[in-house]
Amino acid sequence: MKLTKQELLEIKGGAISGTLINGIIKGVNSFLNLGRSVGSAVRRISEGNICPL
């Protein structure tokens, strides 16, 4: 079966790819890890548990 040029132009894109989902999940995980690090730093500063330099 051959498609005409007009039929080929009317083809719409498919579903979300696995690569896109994986990238979004990695971005969310990075954001959560950043939040944990900042939260731990704030807690340590407020409790005075900072290692002297």
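**View 1. Ser46 is an exposed residue of this predicted model.** Here we look at Ser46, which sits in helix α2. Its relative accessibility is 60%, and exposed means over 50%, so Ser46 counts as exposed. The side chain of Ser46 also has a partner in the backbone: one of its polar atoms lies 2.9 Å from the backbone oxygen of Arg43.

**View 2. Ser46 and Gly18 are set 42 Å apart.** This view takes in both residues, which are 28 residues apart along the chain. The 42 Å separation is taken between their C-alpha atoms. Helix α2 itself covers residues 18-47.

**View 3. Nonpolar side chains form a surface patch.** Seven names to find here: Ile16, Leu20, Ile21, Ile24, Ile25, Val28 and Leu32. Together they make a nonpolar patch of about 650 Å² on the surface. One of them, Ile24, lies in helix α2, the helix that also holds Ser46.

**View 4. The chain as a whole has two helices and zero strands.** With a radius of gyration of 24 Å, well over the 10 Å that the globule rule gives for 53 residues, the chain is more spread out than a compact globule. Its C-alpha trace spans about 75 × 15 × 15 Å along the principal axes.

**View 5. What share of the 53 residues counts as buried?** The answer is 0%. About 5200 Å² of the chain is exposed, and 65% of that area comes from carbon and sulfur atoms. The nonpolar patch of View 3, which includes Leu20 and Val28, is a handy place to look at this surface up close.

Notes: Residues numbered from 1 in each chain as written. Predicted model: local features only at pLDDT ≥ 70, side-chain atom pairs only at ≥ 80, totals over all residues. Heavy atoms only, no water. Patch = residues over 30% accessible without salt bridge, like charges linked within 9 Å, V, L, I, M, F, W, Y side chains within 5 Å. Areas by Shrake-Rupley, 256 points an atom, 1.4 Å probe, with all protein chains shown as cover. Salt bridge = Lys/Arg side-chain N within 4 Å of Asp/Glu carboxyl O. Helix = DSSP H or I, 4+ residues; strand = E, 2+ residues; numbered from the N terminus. Rg over C-alpha atoms; globule rule 2.2 N^0.38 Å. Buried < 20%, exposed > 50% of the residue type's maximum accessible area, 1.4 Å probe, protein only. Polar contact = N/O pair within 3.5 Å; in protein donor to acceptor, adjacent residues only side chain to side chain.
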